[in-house]
Amino acid sequence: MIRTVLNDIEKEKLGVTLCHEHFIVDLDRVRHDGISMIETPEEVEPEIRKMMALGVQAAVEVSTIDLGRDVRKLKQISLDTGLTIVASTGFYLTQYHPEWLASASAAAIAEVYVRELTEGIDDTGIKAGIIAEIASSPERFEGEEKKILKAAGIASRQTGAAVSTHTGRATAVETIETLLAEGMDPDKIIVGHQDLIDDTKYHVQLLKYGVNIAFDTCGKKAYMPDETRARNALAIMEAGYGDHLLFSNDISRRTYFTSQGGDGYLSVMKWVIPLLKQIGASDRQIQRCLVDNPARILDNEWR
């Protein structure tokens with residue numbers, strides 16, 4: 001079963017899924033730029049409906065405990081729009097961490113994850129369906145980040161939940177090996193933000209561990225052209241790893257919205273998928289990334 005903010009569903013009911021999105025999030029408390037937040041269902045629901053009009057049926061909402069996660073609002077969004085939403089448990093980059101993490105053991109942090117996955121978040125009765133987005137700083141693990149990652153591996157081993165990460169090139173191999181050392185199933189690992197790296201030999205190096213990688217910043221052309229994302233995605237498919245590739249947009253501030261002149265949550269379906277088709281990806285290869293892979297990774301017996 002796949003655990004959503006409304007109920008548990010069979011994996012066949014998930015459908016086209018974006019693997020890394022934010023619908024309610026607050027990065028502004030660290031960035032202090034006045035725009036790095038999405039606060040209300042009312043502001044995000046029109047954007048979600050546009051995304052759904054292009055065929056998206058589900059999304060993994062990866063806002064962590066320390067990123068303003070609000071599962072009551074996520075439930076409201078799901079009820080209002082019909083979008084299937086998987087909520088997360090976890091902690092983000094060191095700048096966002098609550099003070100208590102400094103003295104907590106990895107096992108104690110894992111207990112928080114397990115409780116939110118199996119019993120519910122606070123008093124809402126709403127359960128997380130994934131551990132995400134577990135973050136590492138750009139050049140190395142900082143502060144409590146490595147401990148939080150170990151806790152994710154412990155909680156995954158205990159529950160079967162998938163783990164999705166915020167990972168750069170410098171920490172990717174260490175991230176994978178740390179999770180595997182805690183006894184994780186490699187197919188439950190999603191290494192995020194790998195479309196920001198234009199190197200398919202490196203991508204294959206990671207995929208040989210048996211993990212999944214996410215091309216999840218689609219549309220952020222200042223970081224990487226979508227044409228490059230599509231080319232690298234096709235190379236991964238042709239190398240035989242299309243069953244370990246996922247897509248998303250990672251919209252984390254309202255200035256990305258279509259109402260503000262951006263592409264909002266549309267870039268995967270509006271740009272990257274058409275580009276993939278233009279350069280030779282088949283409908284079956286694309287369905288694998290958008291439907292089959294997310295369903296397989298999120299599906300769980302919930303130990």
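Hi everyone, this is a short talk about two packed helices, a nonpolar core and one serine in our structure. Please keep in mind that this is a predicted model.

Let's start with the helices. Two packed helices are described by the angle between their axes and the distance between the axes. Here, helix α8 covers residues 226-241 and helix α9 covers residues 267-278. Their axes are 9 Å apart, and the packing angle is about 50 degrees, which means that α8 is oblique to α9. The crossing of this pair is right-handed.

Which residues make the contact? On the α8 side we have D226, E227, A230, A233, L234 and M237. On the α9 side they are W271, V272, L275 and L276. Sorted by type, that gives eight nonpolar residues, two charged and no polar ones.

Now follow L276 a little further. The largest nonpolar core has 86 residues, and L276 is one of those touching the most other members, along with F23, M51, Y113, I131, L245 and F247. Leaving aside neighbours within four places in sequence, L276 contacts A230, A233, L234 and M237, and also F247, A281 and I286. There is a second, separate core too, with 17 residues, including I2, I9, A58 and A214.

My last stop is S248, which sits in the loop between β13 (245-247) and α9. Is S248 buried or exposed? It is buried, because its relative accessible area is 0%. Again leaving aside neighbours within four places in sequence, S248 is in contact with L18, C19, H20 and E21, with F215, D216, T217 and C218, and with V268.

Thanks for listening!

Key:
Residues are numbered from 1 along each chain as its sequence is written. This is a predicted model: local features need pLDDT of at least 70, side-chain atom pairs count only at pLDDT 80 or more; totals for chains, interfaces and linings use all residues. Side-chain values use heavy atoms; hydrogens and water are left out. Axes are lines fitted to C-alpha atoms, for helices over the stretch in contact, and angles run from 0 to 180 degrees between N-to-C directions. Helices (H or I, at least four residues) and strands (E, at least two) are DSSP runs, numbered from the N terminus. Angles under 35 degrees count as roughly parallel, over 145 as roughly antiparallel, 65 to 115 as roughly perpendicular and the rest as oblique. A crossing is left-handed if the near helix is turned anticlockwise from the far one by less than a right angle, and right-handed if clockwise. Contact means heavy atoms within 4.5 Å. Ala, Val, Leu, Ile, Met, Phe, Trp, Tyr, Cys and Pro count as nonpolar, Asp, Glu, Lys and Arg as charged, and the others, Gly among them, as polar. A nonpolar core is a set of buried Ala, Val, Leu, Ile, Met, Phe, Trp, Tyr and Cys residues joined through side-chain atoms within 4.5 Å. Buried means under 20% relative accessible area, exposed over 50%, partly exposed in between (1.4 Å probe, protein chains only).
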